[in-house]
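Hi,

Here is the structure I promised to pass on. Have a look at it first, and my notes on what turned up follow below.

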Amino acid sequence: MYNLKNKTAVITGAGGKYGIGRSIALRLASEGANIVVNDLKTKIKELNNLRELIIKKSSDCLVVCGDISKSKDVEFLIKKTNKKFNRIDILINNAAASAKFDRVPIISLREKIWDNIHDINLKGTFLSCKFVAKEMIKNNNGGKIINISSSVGKDYVKENYGAYSSSKFAIRGLTQVLAKELGKHNIMVNAICPGAIVTERTNNIVKSLYKNEANLNKAIKKYVKEYGDDTPLGRLCTTEDVSNLAAFLCSKESDFITGKSITLDGGKNTD
Ligand SMILES: NC(=O)c1ccc[n+]([C@@H]2O[C@H](COP(=O)([O-])OP(=O)(O)OC[C@H]3O[C@@H](n4cnc5c(N)ncnc54)[C@H](O)[C@@H]3O)[C@@H](O)[C@H]2O)c1
């Protein structure tokens, strides 16, 4: 267990029913942090449910809907956070565009789809880092920023992942530059690169991988088995694997770690 009492953590894209953002929000709340959860307006119900669970853990929670690819929405998120908690100590950049029309070869990838993936995944991460880091510097309490990249943003490159992979590679570059710029302010910036995890966004990925399987649950089972069998630890990554690492990276126990992109793939790659 880590001590995040009196810390405020902002988590983007936390509205997935069984997503990584939700798992991190619950874990950081268990460590004592107050939590601000963001997602698009369409996820308000899920965010309010999450808020109730967080409050049951004796942490406070604020829900702020908004599109992180829009600077005015990110500024609003920070304004609301400051108004309620008067500080921001932790930022988890977790939101990502859904995977569907981008999973095609680069020669068939439409410009609009490319822009959408990069607007949300990369520009959204940039905007959140920019405005939150400014607040952290102003508050002079240091801070922790964690950007969710992916194993396909590191060395597990696959065909048909052109837009997604490049956005996740770029997030790691942004992480390294920010770590250099923010170190003097005692702000640590790291990225987590998970391997495949079954969440809501996986549904579209699985559908595109197993086009001949009409039943989604059967297709997910195949995906889990095939991916797991091809992994030294014999299974997929889980949202808990990610939230365990995120909690450590948010704690003072990891204070000398910055600028790193940590892969969570059960040994699938050698990095
Ligand atoms: N599931 C996997 O296999 C996997 C593997 C590696 C990395 N990741 C990364 O983990 C993160 C979380 O993914 P997940 O699998 O939990 O999926 P998820 O779909 O549960 O979560 C992503 C959330 O981002 C939200 N979102 C989309 N656009 C947004 C915007 N403009 N502003 C605010 N919120 C927005 C979505 O509504 C969604 O709730 C993503 O960055 C994803 O790329 C996932």
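A backbone N or O atom of Gly16 comes 3.4 Å from an oxygen atom of the ligand. Keep in mind as you read that this is a predicted model. Two side chains also reach ligand oxygens: a polar atom of Tyr164 lies 2.5 Å from one oxygen atom, and a polar atom of Asp39 lies 2.7 Å from an oxygen atom as well. How much of the ligand does the protein bury? Taken alone, the ligand exposes 810 Å², and 94% of that is buried by the protein.

The space the ligand takes up is the largest pocket. Two elements give two or more residues each to the shell around the ligand, namely β2 (34-39) and α5 (162-182). In total, 28 residues surround the ligand. Asp39 and Tyr164 are among the closest, along with Ile20, Asn94 and Thr199. If you sort the shell by class, you get twelve polar, eleven nonpolar and five charged residues.

I also looked into the cysteines. How many disulfides does a search of the whole structure find? The count is zero. Take Cys65: the closest cysteine sulfur to its own is in Cys61, and at 11 Å that is too far for a bond, given that a disulfide needs the two sulfur atoms within 2.5 Å. Cys193 gives a similar story, because its sulfur is 11 Å from the closest cysteine sulfur, the one in Cys237, and that is too far for a bond.

Over to you!

Definitions and conventions
Residues are numbered from 1 along each chain as its sequence is written. This is a predicted model: local features need pLDDT of at least 70, side-chain atom pairs count only at pLDDT 80 or more; totals for chains, interfaces and linings use all residues. Side-chain values use heavy atoms; hydrogens and water are left out. A residue is near a molecule or strand if one of its heavy atoms lies within 4 Å of it. A polar contact is a pair of N or O atoms within 3.5 Å; within protein, one must be able to donate a hydrogen and the other to accept it, and residues adjacent in sequence count only if both atoms are side-chain atoms. Accessible areas come from the Shrake-Rupley method with a 1.4 Å probe; for residues, only the protein chains shown count as cover. On a 1 Å grid over the protein atoms alone, a cavity is a set of points where a 1.4 Å probe fits but cannot get out, and a pocket is an open set with protein on both sides within 12 Å along at least five of seven lines; lining residues have an atom within 4 Å of a point. A molecule sits in a cavity or pocket if more than half of its atoms lie within 2 Å of its grid points. Helices (H or I, at least four residues) and strands (E, at least two) are DSSP runs, numbered from the N terminus. Ala, Val, Leu, Ile, Met, Phe, Trp, Tyr, Cys and Pro count as nonpolar, Asp, Glu, Lys and Arg as charged, and the others, Gly among them, as polar.
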